[in-house]
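Open the model in your viewer and keep the sequence panel beside it. We will go from stop to stop, with something to select each time.

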Amino acid sequence: MKLSLSSSPHLTQKRTTSEIMRLVMLFAVPGIAVQTWFFGYGVLINIAIAGIVAVITEAVILELRKKNFELAIKDSSALLTALLLGISIPPFAPWWMTVIGAFFAIAIAKQLYGGLGFNLFNPAMTAYVVLLISFPVQMTAWAPVMELSQINHNLTDALSLTFTGYTTEGYSVVQLRTNIDGFTMATPLDEMKNLLNKGFTLSEITFTNLFIESGNLAAGFGKGWFWVNIAFLVGGFLLLQFNLINWHLPVGMLAGLGLPALLWYLVSPDTQISPLLHLFSGGTMLGAFFIITDPVTAATSNKGRLIFGFGVGLLVFIIRSFGGYPDAIAFSVLLMNMCVPVIDYYTRPRTYGYTQAKPVKAKKKQGGDK
């Protein structure tokens, strides 16, 4: 037998950056498909607009920097950023908002720091936070699932809403979000938080139209959102199966969110959001498997990844429970991105074969100097 030696790191399978990015996008398809099924074609339109703007922005900036823009664009990192941003934006957001978000993600959050591998903050989540702070009304205008909508809408309506603000029959996004009783609908997390603050009990809330789905596993989880999270969870398992991500980050985040939610729920089960709703609503599974696993902006060691993920989950719970935002994935990720240098410093593994020498104490002289 012939022994072959190679330099570290020793990998059993070598993948290029573009292959990894494309596989991550491929495994996000189940979640995107389910999200489109429940919320309409606006999801795909957002992804398409963000993708076009992100690629053009990256090409122009790299050309201005005298870089090989063709090679950089082929790595598909801009497309992945656009995909994550497009999923996060409400399906019927105006087109110009998606353009601003995609441009900011690439030009400011990524290329301003030097491009792929040098950015300090997750580009998609940075752009999302900028949009949420700048346009809070549009960024919180999530339409209800198709089943609860009083107005049917198709691909043509979705295109018309995105570019004009109205369907082909003249209905606005506000009208799409209004149910038969005249109340504007919110996301399950936002609705439950508001109703709990008004004195309703958990059992009363879960039997409203937004939550109950008789005969289904999704009863009490929020219509549509439960299945969207399940689909992204399936995609996350595929990422783990193909060794594209490390398990420490998603496990850390889900533990950081689920454990305090469980303790809070045990203390007052009828006035606190259940841990299952925390885990299977909003962008929890998308964040755990597709957002915080960004290798550039997350911690590098296994111990550091656990701490980073747990910190994100804990911050999500705190902001959801006591803050003004119902989901909080983006804010939590950016706050923990700031902590990565400190986490890496205190969790860096010891070099193989290195033993730290103990300090030698100076011996006291016998007697004084004359």
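Start by selecting Trp264, which is found in helix α14. Keep in mind throughout that this is a predicted model. Is Trp264 buried, exposed or partly exposed? With a relative accessible area of 39%, Trp264 is partly exposed, because that value falls between the 20% limit for buried and the 50% limit for exposed. Now add Ser321 to the selection and draw a distance between the two C-alpha atoms: Trp264 and Ser321 are separated by 9.8 Å, although they are 57 residues apart along the chain.

**The helix pair**

Next, select residues 248-267 for helix α14 and residues 302-322 for helix α17. At what angle do α14 and α17 pack? The angle is about 40°, and the axes of the two helices are 6 Å apart. Turn the view until one helix lies over the other, and you can follow the handedness: α14 passes α17 in a right-handed crossing. Colour the residues of this contact by type, and they divide into 16 nonpolar, six polar and two charged.

**Two salt bridges**

How many salt bridges are there to visit? The count comes to two.

For one of them, show the side chains of Asp327 and Arg320 as sticks. The closest N and O atoms of this salt bridge are 2.8 Å apart. The two partners differ in how they are covered: Asp327 is partly exposed, at a relative accessible area of 23%, whereas Arg320 is buried, at 2%.

For the other, select Lys110 and Glu58, whose side chains meet in a salt bridge with an N to O distance of 3.0 Å. Which parts of the chain does this pair link? Lys110 sits in the loop between α6 and α7 (123-134), while Glu58 belongs to helix α3 (residues 42-64), so label both: the pair links distant parts of the chain, 52 residues apart. Switch on a surface and look at the cover over each partner. Lys110 counts as buried at 3% relative accessibility, and Glu58 counts as buried at 1%.

**A nonpolar patch on the surface**

Keep the surface on and select Tyr41, Leu44, Trp95, Trp96, Ile100, Leu155, Leu159 and Phe163. Together these residues form a nonpolar patch on the surface, with about 720 Å² of accessible area. Which elements give two or more residues to the patch? They are α6 (95-108) and α9 (155-164). Click on Phe163 for a closer look: this residue lies in helix α9 and is partly exposed, with a relative accessible area of 48%.

**Two residues with positive phi**

Now turn to the backbone and select Asn243, in the loop between α13 (225-241) and α14. Asn243 is not a glycine, yet its phi is positive, at about 55°. With a relative accessible area of 65%, Asn243 is exposed.

Then jump to Ala328, in the loop between α17 and α18 (329-347). Ala328 also has a positive phi, of about 75°, without being a glycine. Is Ala328 buried or exposed? At 5% relative accessibility, Ala328 counts as buried, because buried means under 20%.

**Two pairs brought together by the fold**

Select Leu277 in helix α15 (residues 275-279). Leu277 is buried, with a relative accessible area of 0%. Add Trp225 and draw the C-alpha distance: Leu277 and Trp225 are 52 residues apart along the chain, and their C-alpha atoms are separated by 9.6 Å.

For the last stop, select Ala78 in helix α5 (residues 77-88). Ala78 is buried too, with a relative accessible area of 5%. How far is the C-alpha atom of Ala78 from that of Pro123? The separation is 9.5 Å, for two residues that lie 45 residues apart along the chain.

How values were computed: Residues numbered from 1 in each chain as written. Predicted model: local features only at pLDDT ≥ 70, side-chain atom pairs only at ≥ 80, totals over all residues. Heavy atoms only, no water. Axes fitted to C-alpha atoms, helices over the stretch in contact; angles between N-to-C directions. Helix = DSSP H or I, 4+ residues; strand = E, 2+ residues; numbered from the N terminus. Left-handed = near helix turned anticlockwise from the far one by under 90°. Nonpolar A, V, L, I, M, F, W, Y, C, P; charged D, E, K, R; others polar. Patch = residues over 30% accessible without salt bridge, like charges linked within 9 Å, V, L, I, M, F, W, Y side chains within 5 Å. Areas by Shrake-Rupley, 256 points an atom, 1.4 Å probe, with all protein chains shown as cover. Salt bridge = Lys/Arg side-chain N within 4 Å of Asp/Glu carboxyl O. Buried < 20%, exposed > 50% of the residue type's maximum accessible area, 1.4 Å probe, protein only.
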